[in-house]
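Thank you for making time this morning. I would like to walk through one model with you, and I will keep to what can be read from the coordinates.

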Amino acid sequence: MGTCDDDVRFDGIIQFTFQAEGGLRVSNHPDDPGGVTKGGIADLRDGVRDGRVDADGDGISEADVAGLTIEQIKAIYRRDYWERYHCGDLPTPLGEAYFDFVVNAGPTNAGRVLQGLLKTMFKKDLVVDGVVGPMTRAAIDQTFRDEDGSLDTNGLEAFTWAYLIARTGYYTGLRAVKGTFQAFWDGWLNRVARLRDHLEL
């Protein structure tokens, strides 16, 4: 279980991400390699195309994708995304922006963009490996926390906005290399714009 503040943060961003991923609508777009998807939870997330996923975290794919409830979907996002990738360990609003990018593009891509931006903007000595671990989190704290531990909220918000811009750059590169994702292009860009509004940047 997370702290009260962590719960509030997750509840705030999951409302956005859940809707951005289509809500309770079931989809099976021919250009989406994940197969049958509901609320952004894809059949192929466990590596097997069988219409089933592990909803309760026991390692067994027991739940029918098309039948997932909103409670199951949110539990998967909490366990397998927010907590697994330490989104709540990043300060607001960066952690929320990182979470939504992880859901949409995977943790490695979201992490590489974040690390690359830290290196470019602040000359941080980081390996751009996509793993947002202790070193990356420490670099963020060193950049945006004063000696007394207080947060530079203005600087953090500006960096988060830069992260969203870099995210659109990631989509541009993906579009150029993998033309099959053309169908999702406008939706991806609109999602970033709506996320900026949601985070009030």
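Before I point at individual residues, let me fix the vocabulary: I will call a residue buried when its relative accessible area is under 20%, exposed when that area is over 50%, and partly exposed in between. Please also keep in mind throughout that this is a predicted model.

With those cut-offs, R145 is partly exposed, because its relative accessible area is 35%. R145 forms a salt bridge with D141, and the closest N and O atoms of that pair are 3.2 Å apart. The partner, D141, falls into the partly exposed class as well, with a relative accessible area of 33%.

Let me stay with charged pairs for a moment. In general, side chains of opposite charge can pair when their charged atoms come close. In this model the count of salt bridges comes to eleven. One of them joins the side chains of D7 and R78, at 2.8 Å from N to O. This pair links distant parts of the chain, since D7 sits in helix α1 and R78 in helix α2, with their positions 71 residues apart in sequence. How accessible are these two partners, buried or partly exposed? D7 is partly exposed, with a relative accessible area of 23%, whereas R78 counts as buried at 13%. A further salt bridge is formed by R84 and D80, whose closest N and O atoms lie 3.3 Å apart, and D80 is buried, with a relative accessible area of 7%.

Turning now to residues with no exposure, I would draw your attention to T17, which is found in helix α1, residues 4-20. T17 is buried, because its relative accessible area is 0%, and its side chain makes a polar contact of 2.8 Å with the side chain of D100. In helix α2 we find I73, which is likewise buried, with a relative accessible area of 0%. I73 and L24 are 49 residues apart in sequence, and their C-alpha atoms are 9.1 Å apart in space.

The loop between α2 (70-83) and α3 (94-105) deserves a slower look, and D89 is found there. At 47% relative accessibility, D89 counts as partly exposed, and its C-alpha lies 20 Å from that of K119, a residue 30 positions away in sequence. H86 is found in the loop between α2 and α3 too; its phi is near 55°, a positive value in a residue other than glycine, and H86 is partly exposed, with a relative accessible area of 34%. P93 also belongs to the loop between α2 and α3, and the peptide bond leading from T92 to P93 is cis, with omega near 5°.

A positive phi turns up again at E200, where the value is near 60°. E200 is found in the segment after α7 (185-199), and it is exposed, with a relative accessible area of 68%.

Finally, the surface charge. Which residues form a negative surface patch? They are D146, E147, D148 and D152. Of these, E147 has its place in the loop between α5 (134-144) and α6 (153-177), and E147 is exposed, because its relative accessible area is 89%.

I am happy to go back to any of these positions on the screen.

Terms used: Residues are numbered from 1 along each chain as its sequence is written. This is a predicted model: local features need pLDDT of at least 70, side-chain atom pairs count only at pLDDT 80 or more; totals for chains, interfaces and linings use all residues. Side-chain values use heavy atoms; hydrogens and water are left out. Patches are made of residues with over 30% relative accessible area and no salt bridge: like charges are joined within 9 Å, nonpolar side chains (Val, Leu, Ile, Met, Phe, Trp, Tyr) within 5 Å. Accessible areas come from the Shrake-Rupley method with a 1.4 Å probe; for residues, only the protein chains shown count as cover. A salt bridge is a side-chain nitrogen of Lys or Arg within 4 Å of a carboxyl oxygen of Asp or Glu. Lys and Arg count as positive and Asp and Glu as negative; His and the chain ends are not counted. The place of a charge is taken as NZ of Lys, CZ of Arg, CG of Asp or CD of Glu. Helices (H or I, at least four residues) and strands (E, at least two) are DSSP runs, numbered from the N terminus. Buried means under 20% relative accessible area, exposed over 50%, partly exposed in between (1.4 Å probe, protein chains only). A polar contact is a pair of N or O atoms within 3.5 Å; within protein, one must be able to donate a hydrogen and the other to accept it, and residues adjacent in sequence count only if both atoms are side-chain atoms.
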